[in-house]
Amino acid sequence: MEKSLGEIMHGLSEENIAREEELFENMPVFPRISRSKNLTMLLVHRVKSCTPVPKGCDILAEGLYVDENYTYRYLDYRHVFTEKPNRSTLSIQLRFVNENTLRVTMAEGFCVPENRTEMIGDMEETECSVTCSESEDQIVMATGCMTAVIQKSPWNLSVKNRDGEVIYRQFGRDCHSFMPYEICPMGFLFDRNTKEQYACEAAWSDPYEEFYGLGENFTSVSRKGRLFDLWNTNSLGVNTERGYKYIPFYMSSRGYGIFYNTSRKIRCDLGATLSKASYTMVEGALLDYFLMTGDTIKDIIPAYHRLTGLPAVPPKWSFGIWMSKISYGTREEVERVAGQMRSSRLPCDVIHIDTDWFTENWVCDWKFDEKKFPKVEEMIEKLHQDGYKLSLWQLPYIERGKTSYEVYDEAAANGYFAGNPDGDLQFPHGLIDFTNPEAVHWYKEKLIKPLLRKGVDVIKVDFGESAPAFFKYAGADGRDMHNLYALLYNKAAYEAAKEEFGEDKALIWARSAWAGSQKYPVHWGGDAGTDFGSLASSVKGCLNLSLSGIPFWSSDIGGFWFESSPELYIRWLEFGMFCSHARFHGFYSREPWDFGQQAVDVYRKYAGLRYRLIPYIYNQALAVREEDTLIHRPVFYDYPSDLSAAGLDTQYLFGKELMVIPVLNEDNSVRIYLPRGQWTDFYDDTVEEGGKWMEQVVPLDKIPVYVKENAIIPMGPEMEYIGQKEDDQWEIHCYPMEGKGRLCSYEHGFTVEMHASADRVKIDCTRTDMNLTFVLHNIRPAGVQADGQDIGFRMDHKRTYIHMGNRMQDHDIHMVIEKGEQ
């Protein structure tokens, strides 16, 4: 008999319905001109003085107060904006962090406070040459890559790229409309009703401009014309405006990106309120943003990482398959599932135990229940011997259970919880205060590391989206902590693993995130529904988070909430095999044998393919670090000038070589767009000419995958888990068209370069101890030479196999493949 929702999800039952007086809405509220009343703006009006400083300038500006009022007209009320006679002084600092990045900060008064937040704690400024000139009308600051132009009166800041094109121009008073202020230009907005203050910025938007980023939010990749309140929340799904991982960073197709250096509540309006402008408002008395320029998005994301930290690469085994549900509850169940995976020859690397390894279900005390999990070290050792890693669930909200209360009592007695200013915790759960160094030390040393020392390989870092802004924290203002909590939580758990295992073996499995969380992988997409709409939204969330600087991601394969149909399970499985990480998770069961024989067969087929592709997948992961590139790549990332690719979010490039088109509906139909060039069907080597749309009906056991022209894809042997076989024999699959291709193996230190012309293919491979077989697709050779010597090859359908063995142990190899009749 299946358990009820209340039995599985602790607290979700009628017994726990809150009283009305207990409720508060954990969502932000922002004022809006034309809807709110009693608003006053303090706007940057004109430059009073400019002082050149190294890499920028300090400006004192006159601030103009403007009140919003109303007047009656024809059964309605119209807005009247009244400029007040009194003035204020605003300090504005402009600094080039490097030649591509300008930092803009503003505060009222005669100085701007230091704002070295946790997000930019690793930021390193680089030397760059900055010229600064001032005339009667304007101030111009320039590096070799970008130019900032400040119009003195009325104030306006614009930014030009290296070619002199204006790519960013602030939006000020609108002199072409009845409403001069639909949005607040650069300055401050005061809400006299709530006594809140907001720092504001606004910029013109081009009709053809696209916006991308702002975190995982599972709606469409194109952010243009939409409004986002960046406030992490337990989203309870993947189909609404709620988000587990908002990131205050977005990019424009015009060649710039903006990162707001804040964790306070922030609204990014990319044309929803006023179609011709973008607009941002940040709670508080400080405006602080970085404007980055680049020729394409490929340049802007690395610029963002230079501010907030480079992504860490998780260990190789993590790219295998993770098997989980909510929740395995006994040692016997864990060993049964692990044994059946192996006996059925279904590849898997990680077994995850979710919420039921404690004495009281969901009452996390970081201790195995000895009755449910007897001799747990023995269980873990057996799993390790069978090639498995073990993952464990936990959360930062500590409950005082009926029998499990020692951890809660210890934390409360030592002040490790955040709470109301009077010390009242308000809720049944204590919230670990990660701004308290003693609490962080306790969390790592008392709760996490003992589990790692028992043999646990990774900790699931669940929740983290609900820290109340009205709580008092040891080391931060509560208004900063709601969103920042996720980053500090990620950091503490990751550092525990790093300190125990070393950097190369450290990872977490986290749901919440904020700017900078890319330093603490891996993240997953949260609690998706079990329908095709949630599968489609998960694809969008994957791409959105990737465009927000977090590269390593998984969904809950099969969906999380309740039962999944065999058809959905199979389609989600197929998509999941082409993500950086792949975890099956959800209610009741997510093991393939519970979804029928076809599900088992498709699992075996695509899990087997994933493990053969581990050399490619892991190399693409290492390229994230070495090249600062993406592993989940929207089509426009690689084809920025292709208008058909803009905003396309139903397919993506997995790494730089494979185009993946998930099937996102029950009728098995897909629309496929192939950009210019030639694309090879991964399965049958049929070549399609790009620059076109196609429609297909796809059998349930297939996900369309196409290979980019001149791709070079390393593949390994079939395995049931990573490390089962020696990693020294690869096939190097080459897809030569006319042009060049290159593979750099970051793990093994060799490169392959391919040059294809109409009559031959040349392949150069540097010295390596690897045992390599080159597989050429759609090539029928007339002959093959290596270093001038004829060598053998064999044909199989449309593929040519050239076994080089260990010939490259001592020297580089140069191969020439003369084309015969094709």
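In the predicted model, Asp685 is found in the loop that connects strand 35 (678-681) with strand 36 (687-689). This residue adopts a positive phi of about 65° although it is not a glycine. With a relative accessibility of 1%, Asp685 counts as buried. A positive phi also occurs at Lys375, again not a glycine, where the angle is about 50°. Lys375 belongs to the loop between strand 20 (350-353) and helix 4 (376-385). Its relative accessible area is 61%, and Lys375 is therefore exposed, the threshold for that class being over 50%.

The two strands that flank Asp685 also take part in an open sheet of six strands, arranged in the order 31-32-33-38-35-36 with antiparallel pairing. Strand 31 (632-633) and strand 36 occupy the edges of this sheet; each has a single partner strand, so one side of each is left without a neighbour in the sheet. Within the sheet, strand 32 and strand 33 (residues 658-660) run antiparallel and are joined by three bridges. Leu653 stands opposite Met659 of strand 33.

Strand 32 (652-654) is also among the elements against which the buried residues of helix 9 pack. The other elements in this packing are helix 8 (532-547), strand 28 (553-554), strand 29 (556-557), strand 30 (582-584) and helix 10 (597-612). Helix 9 spans residues 566-576, and nine of its 11 residues are buried, so the helix is largely enclosed by the rest of the structure. The buried set comprises Leu568, Tyr569, Ile570, Arg571, Trp572, Leu573, Glu574, Phe575 and Gly576.

The domain assignment divides the protein into domain 1 (319-630), domain 2 (633-698) and domain 3 (728-819). Between the C-alpha centres of domain 1 and domain 2 the distance is 31 Å. At their interface, 22 residues of domain 1 are in contact with 22 residues of domain 2. The area buried between these two domains is about 2000 Å², with carbon and sulfur atoms giving 68% of it. One salt bridge is counted between domain 1 and domain 2. A salt bridge links Lys540 and Asp649, whose closest N and O atoms are 3.1 Å apart.

An unreviewed UniProt entry annotates residues 311-619 as "domain: Glycoside hydrolase family 31 TIM barrel". The end C-alpha atoms of this span lie 15 Å apart. Helix accounts for 40% of residues 311-619 and strand for 12%.

Two cis peptide bonds were also identified in loops. The bond from Ser153 to Pro154 is cis, with omega near -10°. Pro154 is situated in the loop between strand 7 (147-151) and strand 8 (156-160). The peptide bond joining Pro521 and Val522 is likewise cis, and its omega is about 15°. Val522 lies in the loop that runs between strand 26 (508-510) and strand 27 (523-524).

A further loop position is that of Ser129, located between strand 4 (101-108) and strand 5 (131-134). Ser129 counts as exposed, with a relative accessibility of 61%. When neighbours within four places in sequence are left aside, Ser129 is in contact with Ala142 and Thr143. Ser129 and Ala142 are 13 residues apart along the chain, and their C-alpha atoms are separated by 8.3 Å.

Terms used:
Residues are numbered from 1 along each chain as its sequence is written. This is a predicted model: local features need pLDDT of at least 70, side-chain atom pairs count only at pLDDT 80 or more; totals for chains, interfaces and linings use all residues. Side-chain values use heavy atoms; hydrogens and water are left out. Helices (H or I, at least four residues) and strands (E, at least two) are DSSP runs, numbered from the N terminus. Buried means under 20% relative accessible area, exposed over 50%, partly exposed in between (1.4 Å probe, protein chains only). UniProt positions are given in the numbering used here, feature names are shortened, and annotations may be inferred rather than shown by experiment. Contact means heavy atoms within 4.5 Å. Two strands pair if DSSP finds at least two bridges between them. Domain bounds come from an automatic or database domain assignment. Buried area is the accessible area (1.4 Å probe) that two parts lose on being put together, summed over both. A salt bridge is a side-chain nitrogen of Lys or Arg within 4 Å of a carboxyl oxygen of Asp or Glu.
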